[in-house]
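Welcome, and please open the model in your viewer. We will go from stop to stop, selecting a few residues each time and looking at what is there.

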Amino acid sequence: MVKQQQTKQTLVFIGSYADAKNPGVYTAQFDAETGSLTLTHNVSGLQNPTFLAIDDVNSRLYALGEGIGAEGQKCGAASAYTINLESGELSLLNHVNTLPATTCHIQLDNTNQVVMVTSYHGGMVGLSPIQSDGQLGTSADIRQHHGASLLPVQDRPRAHSVFVDRANRFIGACDLGLDKIILYRLDLTAKRLIPHHEVSIKPGSGPRHFAFHPSFEFGYVINELGSTVTAFGYDEELGQLTEFQNISTLPVSFEGENACADIHISPDGRFLYGSNRGHDSLVVYAIDELTGHLSLVEHAPTLGKHPRNFGISPDGRFVLVANKDSDNIVSFARDEATGKLVPTGSVLEMSQPVCIKFLQVQ
């Protein structure tokens with residue numbers, strides 16, 4: 001008797017720009033053989049749930065949204081959901097306000113004890129505890145950034161995202177307005193973000209998203225305003241970044257307007273990917289495992305407009321790109337030897353997709 005190989009089911013969760021009365025967070029089944037998506041479920045009731053975070057241990061999802069503050073002003077909010085692993089259906093646990101200004105990014109720590117959010121318009125980062133039942137607690141810490149940089153849009157702090165290092169000891173906060181990455185020590189006992197270290201990058205760069213290398217002591221930030229990626233050595237013990245490379249995300253011949261968005265490293269740690277909005281491409285770099293230096297592989301057209309964010313499948317075989325302005329998600333097969341991307345022909349049409357998160361069920 002031949003024993004059947006158990007296949008892993010993979011769910012994909014998609015955040016989008018949406019009014020609260022319309023669907024905003026979507027669940028899709030991911031075909032790990034073809035790279036295609038099939039929508040199965042959605043939830044409404046959230047205003048612009050553009051970014052998501054997944055607790056894959058406890059099968060929970062956390063989504064950004066907008067709330068109303070005590071004085072009637074717009075503020076940041078977040079919602080917690082349980083995930084039905086068979087259907088992908090989301091069930092609301094609770095909804096809380098987080099920061100006194102609207103938020104743009106949400107991140108869990110590596111042990112799923114706290115949620116961290118950032119506010120572009122408020123120039124601040126915040127931390128909220130996660131209760132034992134998965135519900136979000138009230139905000140426990142808020143850190144306001146101060147200062148400015150070179151360009152008109154950089155007349156104030158504009159915190160864009162936070163990312164956690166492998167050891168779960170430090171987080172890096174990208175501040176587009178300050179041209180800085182601000183590192184905080186993560187104190188899970190006290191539920192605090194302790195200011196620790198700052199690193200400045202080239203004025204006018206506008207750091208947006210960051211990626212710690214999964215295996216080596218390197219880190220990379222994609223710069224929205226400068227259309228560059230800056231590479232750093234990262235001392236995990238000291239929690240310090242040291243810049244060693246700055247490389248363009250664009251072809252030399254490109255003369256149009258561009259703004260970078262998202263950055264990810266392949267699961268094997270060999271390639272780095274970044275999104276160009278304007279050139280409408282993913283830039284692909286090879287990573288030198290000894291030095292961390294990047295070398296250009298290709299610029300892959302995203303077959304859509306304004307590629308906001310993208311996701312790499314857990315097995316590293318596919319890349320899904322959220323083209324916000326053309327209302328679609330395009331699937332690409334990833335060559336694991338070269339890092340290059342080839343369209344699969346699978347395109348999912350949906351309204352203003354932004355964030356893509358995978359969850360491997362079995």
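Begin by selecting Cys75 and Cys104: the closest cysteine sulfur to that of Cys75 belongs to Cys104, and at 14 Å it is too far for a bond. Keep in mind as you look that this is a predicted model. Cys75 itself is buried, its relative accessible area being 3%.

Keep Cys104 on screen and add Cys174. Cys174 takes part in no disulfide either, since its nearest cysteine sulfur, again that of Cys104, lies 10 Å away. Cys174 counts as buried, with a relative accessibility of 0%. How many disulfides does a search of the whole structure find? The count is 0. For the reasoning here, a pair of cysteine sulfur atoms would have to come within 2.5 Å to qualify as a disulfide.

**The sheet around Cys174**

Cys174 also leads to the next stop. Select Ser161, which stands opposite Cys174 of strand 13. Now widen the selection to strand 12 and to strand 13, residues 170-175; the two run antiparallel and are joined by 5 bridges. Both belong to an open sheet of 4 strands, ordered 12-13-14-15 and paired antiparallel. Which strands stand at the edges of this sheet? They are strand 12 (159-164) and strand 15 (192-200); each has a single partner strand, so one side of each has no neighbour in the sheet. Look along the sheet and you can follow its twist, which averages 25 degrees from one strand to the next.

Move across to strand 14, residues 180-187, which runs antiparallel to strand 15 and is joined to it by 8 bridges. To find your place in this pair, pick Arg185 and its bridge partner in strand 15, Ile194. Then go to the turn: the hairpin of strand 14 and strand 15 has 4 residues between the strands, and Lys191 there takes a positive phi near 55 degrees.

**A second hairpin**

Select strand 18 (residues 228-235) together with strand 19 (residues 240-248), an antiparallel pair held over 8 bridges. Within this pair, Tyr234 stands opposite Leu241 of strand 19. Strand 18 and strand 19 make a hairpin with 4 residues between them, and Gly239 in the turn has a positive phi of about 65 degrees.

**The largest pocket**

Next, show the pocket surfaces. The largest pocket holds about 1,400 Å³ of space. To centre your view, select Gln107, Asn110, His264, Ile265 and Lys357, the closest to its centre of the 40 residues that line this pocket. Which strand gives the largest share of the lining? Strand 28 does, with 6 residues. Several other strands supply at least two lining residues each, among them strand 4 (52-55), strand 8 (105-108), strand 20 (259-265) and strand 12. Strand 12 you have already met as an edge of the open sheet. Colour the lining of the largest pocket by class and you will find 22 nonpolar, 12 polar and 6 charged residues.

**The second largest pocket**

The second largest pocket has a volume of about 370 Å³. Of the 19 residues that line it, select Tyr17, Thr50, Thr103, Cys104 and Arg308, which are the closest to its centre. Cys104 is familiar from the first stop, as the residue with the closest cysteine sulfur to Cys75. Two or more lining residues of the second largest pocket come from each of strand 5 (60-68), strand 16 and strand 24. By class, its lining divides into 5 nonpolar, 9 polar and 5 charged residues.

**Pro207 and the loop before strand 24**

Follow strand 16 to Pro207, which is placed in that strand. Is Pro207 buried or exposed? At 0% relative accessibility, it counts as buried. Add Ala173 and draw a distance between the C-alpha atoms: Pro207 and Ala173 are 34 residues apart along the chain, with 9.3 Å between those atoms.

For the final stop, select the loop between strand 23 (294-301) and strand 24, where Leu303 is placed. Phi of Leu303 is near 60 degrees, a positive value in a residue other than glycine. His306 lies in the loop between strand 23 and strand 24 as well, and its phi, near 65 degrees, is also positive in a residue other than glycine. With a relative accessible area of 22%, His306 is partly exposed.

Key. Residues numbered from 1 in each chain as written. Predicted model: local features only at pLDDT ≥ 70, side-chain atom pairs only at ≥ 80, totals over all residues. Heavy atoms only, no water. Pairing = 2+ DSSP bridges. Axes fitted to C-alpha atoms, helices over the stretch in contact; angles between N-to-C directions. 1 Å grid on protein atoms, 1.4 Å probe; cavity = no way out; pocket = protein on both sides within 12 Å on 5 of 7 lines; lining within 4 Å. Points joined across faces, edges and corners; volume = space filled by probe spheres on them. Nonpolar A, V, L, I, M, F, W, Y, C, P; charged D, E, K, R; others polar. Buried < 20%, exposed > 50% of the residue type's maximum accessible area, 1.4 Å probe, protein only.
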